[in-house]
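Q: Before the structure is shown, could we agree to take each descriptive term and ask what supports it?

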Amino acid sequence: MRIPVSLGPAARALLLLVLLTLASFPVGSVSAESPKDDWIFLPVQEVGAPDFLAAHPDYDGRGVVIFVLDTGVDMGIPGLSATSTGEVKVIGARDFSGEGKIELKEAEWVEGKDPRVLDVADGLWLEGFDRLAVPPAEPERIWTGVFEESRFRNNENLTDIDDDGSSDGRWGLVVYAASREKVVAALGEGNGVELRSKWGEKARKADEKASASDEVWLCVVDVDGDGDLSDETLHRDYADDLQSFDFRHRSTEDSRDLLTVAIDLRGDDTPCLNFHYDDGGHGSHVSGMAAGFGVHGQEGLNGVAPGAYLYSLKIGNNLLAGGSTTTESMKKAYDYAAQWMEDYGMPCVINMSYGIGSEIEGDSKMGVYLDDLLDEHSRLVIVNSAGNDGPGISTVGLPAAADGVIAAAALFTRAMAKELYGVHFDRDQLYVFSSRGGEVAKPDVAAPGGASSTVPLWGDYDRYNGTSMASPMTTGSVACILSGLAAEGKSWNFGTIQRALRRTGRKLPGYSAIDVGGGVLDLPAAFKAAVAYSDAGESDELTVIKVRTEAPFQPDGEAPAAYWRGGWYPHDGYEQSFTISPRFPDWVDNDTRNKFYRAWNLSTDVGWIHLDRGQTYINGNSSQTIRASYSGKELEQPGLHVGRIFGKSKGEGRSGTAAYDFEIMVTIVQPYTFGEDTGRTRVWKDRTLSPGSVDHYFVRIPAGATAMQVDLEIPEGKEGMVRPVFFDQEGHAQGSYKGYADSREKRSIHFDFAGDELTPGVWEIVARGSRTEARPSTYEMKVAFSSFEVTPPVVTSMDFDTPAGSPHTEITVVPNFEKVFTGRIEGTIGGFERQREVEVKDSDEWSYDFSLSSEVPRVDFYLEMSPQVYNYMTDVPVNIYDSSGKAVVVDGFGQRFLHIALRDAAPGSYTLKVDAGLALARDKADWGFHLREVFRRAEPVDLSAEVHGEGSFLVVPQAPLKVQVQAVSTLPTPPDGFCNQGELRLLDTADGSVQLKIPVRLER
């Protein structure tokens, strides 16, 4: 779910802007060197970019193409109009999302009109077509279409694209085939063609192949809406013309240019037309960070690689939740970029600040596809945001978890905190939300995760945070490295660039390799390492060493990293096996692969990893096995233990950073346990957190536990602002937001997890210190468990044959743990529910119509995919629409579970719609999910519960409680296929904590 790219204002205005921009540059290259005063709002200095460009002013990304896979790029805003050398910045624009697709129909002429008039749609006519500078090649090869503002009705950012105060604009357009000879005579070769002609013979041949047809598709849009085409600009595909336009209501004095549109026009016998634009803002923002030049019109305010070109590949549909990707939009964009690189021979790096949470880390359909793509196009470098699902471990998203993809974590430095937010840190940190590794050896590197950058003119908020921002910082750095390597005649592949970044990162104190990978990106050092790999000939020998090891909890039994979470790990004679195998550049032939030989010295960075050998080797295109066991006093302590195994080449000509070929990540989680020996309650006292930092606690849910209570408190006399966040065994976030324990307001905060919420395994509780606090926070935390046996475990029936008409039943509750307290049971039947398996065949859409009324004003939908089905996806937006088609709730799967609710709705008809963004179209043949739908009544029915006739009772371990449960009024009859739904809750009357939840599902 992410963001797009586009160009400039109206065509004539853009041409004037480009001319003025070019005129402002001196002849020759323009230095991209930063001013002496740092612009911390766009923190390129945190990766060493100013120092690198001061030493290598011509290595500022020039000659490199950055493909931005996002919601679009707006090429009409300051910072994205030109490179540091005065060339057009955005050199191509494609829409793979389907959002900008224009439906075309064969042209129809209005009878009896002379000159001729085109009948485009109801009440929309266009004249002046016959007066255009280039006539159609054939009268029957003319199509018309309409672009309407109504398509933006579900875009929360932008509905009035021409700024005329209404949202009912319609603009007619015509697409037709014209003689290439006549087009060139009237319009010239095209700015894009002329630009690419300077790139060399390979690019010229690629363009000759692309222009082999005798005809060219042209598009003319009635931008001013006056029904006359004769005063409008003729457009070829944007990549050829490098011109764009905007819709502006010229008759309104204070109207503004808001949305830049580029023409994406392709086709053989019939045309395919997309309007490419950034109506999300995200893609333009990341573009400025990666390669902006003169951001906000400020001299010296640049992205990391101001000399690089940008190529926008729109994969996100902004009318869906979060600008979601659609089926194969991601795949098609990657395929396009890879083929374009091969055709034009330009150094290319892809930035994709997109992704969703992983379920089977490293094994998603898109991740596997990208690793295969890199093996086929080894000079292509891919950078992806690691994900924003932290600070829990094992939360790196897909496809960032793919081996060959460079995954970026989000750095938050002291300087950024001070200048961007006015807060003071005692050290550099990660943003709390930055996803962590564990099951995969990710992230690879950390880079600034927040900045003010370029955004479209319709938006006024230009400061975004996220690993989405760390990714373009990394991408821009890679563009500078490739620029320098190409200038010096050096070679590279995706693996040498990835290793150069990982091996040269600066350490971030307090963080491990599963937090920051190799460390904070250091551009000057990474460039030197990339040169060293090239000089050693590595680029033509090896990309990366693939690592696979046993993973009992993974569906296929293997993973790219060692990950033990639960207290047991290989020790006492048990060894873990790691298989390593080489991956080669695509240009290395089979004979060379068969002759490959490489030997390594093995080492570790922790004392508790014990290897079965000190050296190993691989001969040919084979694999080798290394074994390790783990022991040491540090592993006896509860907490997170991370170590690495390194392979350093023994060959000649490989020294320093370039000698390091691979690393193997080992993560061992030692949890706190709760039982008869250790007790069912633990308290951590006198804990201190610096502003913005975190503490991790791992707790094993004891067998038989039915509820967990967590209390976090700022003690009296102490100051602080802290809140806990929770992650289950699989790294899924749990619990709702309840604010902070705050010494200035409420000092304590309480959480209950019971019933289906409390899944088994080792949970992670993370205490988060507020970043706005001026001083460290002091807190204490208590975790307690309770356990009960309940008969029946779910209340499915009641006795309805009672004189008073109030249904009743009896349940038996037996406390298991050693806890005595006074309790009470309360409950309600709040609505009716149904559960079912939804199977979808040969489609990537599913919808469900439902109604709400004044008696039933709310519905909750709980959707769950299997890990395997979820791994098919790149996004799954889920929206609820009213009867007019307006989206009233916009959401989507971030993990394989989703809860979406429509609350306090007006009576009427609604539609729940699931749009599966499948990585591969073939998987839409068969997918689905489990659906639980709960309709909530405006007036729930209360349930009363008594033990021996009393509402409050003593709870004693092993003493059965016979509980009489009764509905206080007659239960309504649920609709066919549904049951009455509710819940009973056993509460501790002393503190109100939930000790037990008992589901109620009554057929009547």
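A: Agreed, with the reminder that this is a predicted model.

Q: What makes S27 and strand S34 paired strands?
A: Four bridges join S27 to strand S34, residues 660–670, and the two run parallel. Pairing requires at least two bridges found by DSSP, so these strands qualify as a pair. Within S34, Ile-668 is the bridge partner of Trp-564.

Q: Why are S27 and S31 called edge strands?
A: The open sheet has five strands in the order S27-S34-S33-S29-S31, with mixed pairing. Strand S27 (562–565) and strand S31 (615–619) each pair on one side only, and they are therefore its edges, given that a pair needs at least two bridges. From one strand to the next, the twist averages 20°.

Q: On what grounds is helix H12 said to pack on the sheet?
A: Helix H12, residues 494–504, touches both strand S33 (639–649) and S34, and its direction makes about 55° with that of S34. Contact here means heavy atoms within 4.5 Å.

Q: What makes the 110 residues a nonpolar core?
A: A core consists of buried residues of nonpolar types joined through side-chain atoms within 4.5 Å, buried meaning under 20% relative accessible area. In this largest core, Phe-67, Tyr-334, Trp-340 and Ile-497 touch the most other members, while helix H11 (residues 467–487) gives the most to it, with nine residues.

Q: Which residues does Tyr-334 touch, beyond those up to four places away in sequence?
A: Tyr-334 touches Leu-69, Ile-350, Met-352, Met-366, Leu-370, Leu-373 and Ile-382. Apart from the largest core lies another, of 36 residues, including Leu-852 and Leu-931.

Note on methods. Residues numbered from 1 in each chain as written. Predicted model: local features only at pLDDT ≥ 70, side-chain atom pairs only at ≥ 80, totals over all residues. Heavy atoms only, no water. Buried < 20%, exposed > 50% of the residue type's maximum accessible area, 1.4 Å probe, protein only. Axes fitted to C-alpha atoms, helices over the stretch in contact; angles between N-to-C directions.
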